[in-house]
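Trainee: I would like a close look at one residue and its surroundings. Please keep to one connected account.

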Amino acid sequence: MSADTPPSADGELSPDDVSELRAQIEALEAEVSDLRSEVDEGSADRMVIIATKGTLDMAYPPLILASTAAAFGYDVTVFHTFWGLEILHEENSKDLGLSSVGNPNMPLPNAIAALPGMDRMTARMMRNRIEDNDVASVEELIETSLASGVDLQACQMTIDLLGYDEDDFYDGVTTGVGAASAFQDMADADIQLLV
């Protein structure tokens with residue numbers, strides 16, 4: 001039955017007309033269902049984190065925040081630039097340093113913290129504390145973040161600047177991302193954090 005075809009003289013629809021109407025209703029229901037799915041998929045809140053520091057103590061905040069937000073259903077991107085790129089470098093991330101000087105929470109006076117070898121010692125102390133308290137390692141947090149759907153991005157300009165190669169990063173890390181893309185992600189996100 002087309003829109004131009006009037007019902008029969010007695011106002012009754014023929015079986016063919018009823019079948020055609022049922023088919024149109026089913027098609028409309030399927031279209032509405034598809035649209036609802038698209039809205040539901042696109043409705044996740046978005047979070048973008050910019051990670052700019054690559055020390056052991058600064059590797060944890062972006063990774064913990066990202067994996068936690070993903071567990072709560074957020075669509076999360078972490079853009080790593082400058083020294084923050086060290087967090088994603090598979091080899092370097094296993095030996096991230098920790099600055100003792102100028103850190104007000106370090107249990108050392110600056111005069112002692114400035115002595116040669118103190119940064120290594122405090123980094124070792126922090127790694128031991130992390131291990132003793134069963135806190136996930138940086139590598140485990142990266143794996144958890146990637147498994148949770150977090151998009152861990154490596155800044156291409158910084159990759160070039162530091163002479164790294166795409167193969168230097170953990171599997172699953174997105175490389176080749178520029179500042180313009182990161183900026184657009186931030187503009188579209190509900191939450192933006194600079195760490």
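Is His80 buried or exposed?

Mentor: This is a predicted model, in which local features need pLDDT of at least 70 and side-chain atom pairs count only at pLDDT 80 or more, while totals for chains, interfaces and linings use all residues. Residues are numbered from 1 along each chain as its sequence is written, and side-chain values use heavy atoms, with hydrogens and water left out.

His80 is buried, with a relative accessible area of 0%; buried means under 20%, exposed over 50% and partly exposed in between, with a 1.4 Å probe and protein chains only. The residue belongs to strand E2 (helices are DSSP runs of H or I with at least four residues, strands are runs of E with at least two, both numbered from the N terminus). A polar atom of the His80 side chain lies 3.4 Å from the backbone oxygen of Val78. Leaving aside neighbours within four places in sequence, His80 is in contact (heavy atoms within 4.5 Å) with Ala51, Leu85, Ile87, Leu88, Leu152, Gln153, Ala154 and Cys155.

Leu152 leads on to the wider surroundings. With neighbours within four places again set aside, Leu152 is in contact with residues including Leu63, Val78, His80, Leu88 and Ile142. Leu152 is also one of the residues touching the most other members of the largest nonpolar core, together with Val76, Val78, Val138 and Ile142; this core has 29 residues. Such a core is a set of buried Ala, Val, Leu, Ile, Met, Phe, Trp, Tyr and Cys residues joined through side-chain atoms within 4.5 Å. Two or more of its residues come from each of strand E1 (46-51), helix H2 (56-71), strand E2 (75-80), helix H5 (138-147) and strand E3 (151-155). H2 gives the largest share, seven residues. Another core, of seven residues, lies apart from this one and includes Val48, Ile50, Phe79 and Val177.

Helix H2 also holds Ser67, which counts as buried because its relative accessible area is 12%. The side chain of Ser67 reaches the backbone oxygen of Leu63 at 2.9 Å. Beyond residues up to four places away in sequence, Ser67 touches Thr144, Ser145 and Val150.

Phe82 offers a contrast with the buried residues. Phe82 lies in the loop between E2 and helix H3 (110-113), and is called partly exposed because its relative accessible area is 42%.

Key:
Polar contact = N/O pair within 3.5 Å; in protein donor to acceptor, adjacent residues only side chain to side chain.
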